[in-house]
Amino acid sequence: WVETNGQDVALFLLSGVQYYTGQVFDMAAVAAAAHKHGALVGWDLAHAVGNVPLRLHDWGADFAAWCSYKYLNSGPGAIAG
């Protein structure tokens, strides 16, 4: 999809892990394809942080956000990314 429609998109905002199935997306490949078309890539990592290894700088993520109360087992008032 990115290869055929990337020129029309300025920002891809995707989940790192599909919450319903547990599918882990190839974040490096998605970022590379989006950047090839000049688009930014942001990741919602609420279901990824604490579950899968993350190398956001290596994978070319432009930004990401996550929470720490789900899979990092933090309590009320804990910081997030």
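This is a guided tour of the structure, taken one selection at a time.

**The whole chain**

Begin with everything displayed as a cartoon, keeping in mind that this is a predicted model. The chain has 3 helices and 3 strands, and if you trace these elements along the sequence they follow the pattern α-β-α-β-α-β. With the view aligned to the principal axes, the C-alpha atoms fill a box of roughly 40 × 25 × 20 Å. If you now switch on a surface, you are looking at about 5200 Å² of exposed area, of which carbon and sulfur atoms supply 58%. Of the 81 residues, 26% count as buried. Among contacts between residues at least 6 apart in sequence, 43% join residues at least 24 apart.

**Helix H2 and its buried side**

Select residues 27–36, which make up helix H2, and show the side chains of Met 27, Ala 31, Ala 33 and Ala 34, which are buried. These residues lie on the same side of H2, because they cover an arc of only 165 degrees around the axis. An α-helix has 3.6 residues a turn, so residues three or four places apart point the same way.

What do the buried residues of H2 pack against? Colour helix H1 (2–5), strand E1 (11–15), strand E2 (40–44) and helix H3 (56–59), since these are the elements against which the buried residues of H2 pack. Before leaving this region, step just past the end of H2 to Gly 38, which takes a positive phi of about 80 degrees.

**The nonpolar core**

In soluble globular proteins, nonpolar side chains tend to be buried together. In this model the largest nonpolar core has 14 residues, and a useful selection is Phe 12, Ala 34, Val 41, Trp 43, Leu 45 and Ala 48, which have the most contacts inside it. The elements that give two or more residues to this core are H2 and E2, and H2 gives the most, with 4 residues.

Keep Ala 48 selected and centre the view on it. Ala 48 lies in the loop between E2 and H3. Is Ala 48 buried or exposed? At 0% relative accessibility, Ala 48 counts as buried. Leaving aside neighbours within four places in sequence, Ala 48 is in contact with Val 17 and Leu 54. For a distance to display, draw a line from the C-alpha atom of Ala 48 to that of Gly 16: the two residues are 32 apart along the chain, and their C-alpha atoms are separated by 5.9 Å.

**A nonpolar patch on the surface**

Return to the surface view and select Leu 11, Leu 13, Leu 40 and Phe 63, which form a nonpolar patch with about 380 Å² of accessible area together. Leu 11, one of these residues, lies in strand E1 and is partly exposed, with a relative accessible area of 42%.

**The salt bridge**

Side chains of opposite charge can pair when their charged atoms come close. How many salt bridges does the structure hold? The structure holds 1 salt bridge, and to see it you should select Asp 58 and Arg 55, whose side chains meet with an N to O distance of 2.5 Å. Asp 58 is exposed, with a relative accessible area of 53%, and Arg 55 also counts as exposed, at 51% relative accessibility.

From Arg 55, draw a line to Thr 21, which lies in the loop between E1 and H2. Thr 21 counts as exposed at 58% relative accessibility. The C-alpha atoms of Thr 21 and Arg 55 are separated by 22 Å, with their positions 34 residues apart along the chain.

**Helix H1 and the segment after E3**

Select Asn 5, which is found in helix H1 and which, at 24% relative accessibility, counts as partly exposed. A line from the C-alpha atom of Asn 5 to that of His 37, 32 residues apart along the chain, spans 9.0 Å.

For the final stop, go to Ser 68, in the segment after strand E3 (63–65). Ser 68 is buried, with a relative accessible area of 9%. Which residues is Ser 68 in contact with, leaving aside its neighbours within four places in sequence? Adding Asn 73, Ser 74, Ala 78, Ile 79 and Ala 80 to the selection shows the residues with which Ser 68 is in contact on that basis.

Notes: Residues are numbered from 1 along each chain as its sequence is written. This is a predicted model: local features need pLDDT of at least 70, side-chain atom pairs count only at pLDDT 80 or more; totals for chains, interfaces and linings use all residues. Side-chain values use heavy atoms; hydrogens and water are left out. Buried means under 20% relative accessible area, exposed over 50%, partly exposed in between (1.4 Å probe, protein chains only). The arc is that of the directions from the helix axis to the C-beta atoms. Contact means heavy atoms within 4.5 Å. Accessible areas come from the Shrake-Rupley method with a 1.4 Å probe; for residues, only the protein chains shown count as cover. Patches are made of residues with over 30% relative accessible area and no salt bridge: like charges are joined within 9 Å, nonpolar side chains (Val, Leu, Ile, Met, Phe, Trp, Tyr) within 5 Å. A salt bridge is a side-chain nitrogen of Lys or Arg within 4 Å of a carboxyl oxygen of Asp or Glu. A nonpolar core is a set of buried Ala, Val, Leu, Ile, Met, Phe, Trp, Tyr and Cys residues joined through side-chain atoms within 4.5 Å.
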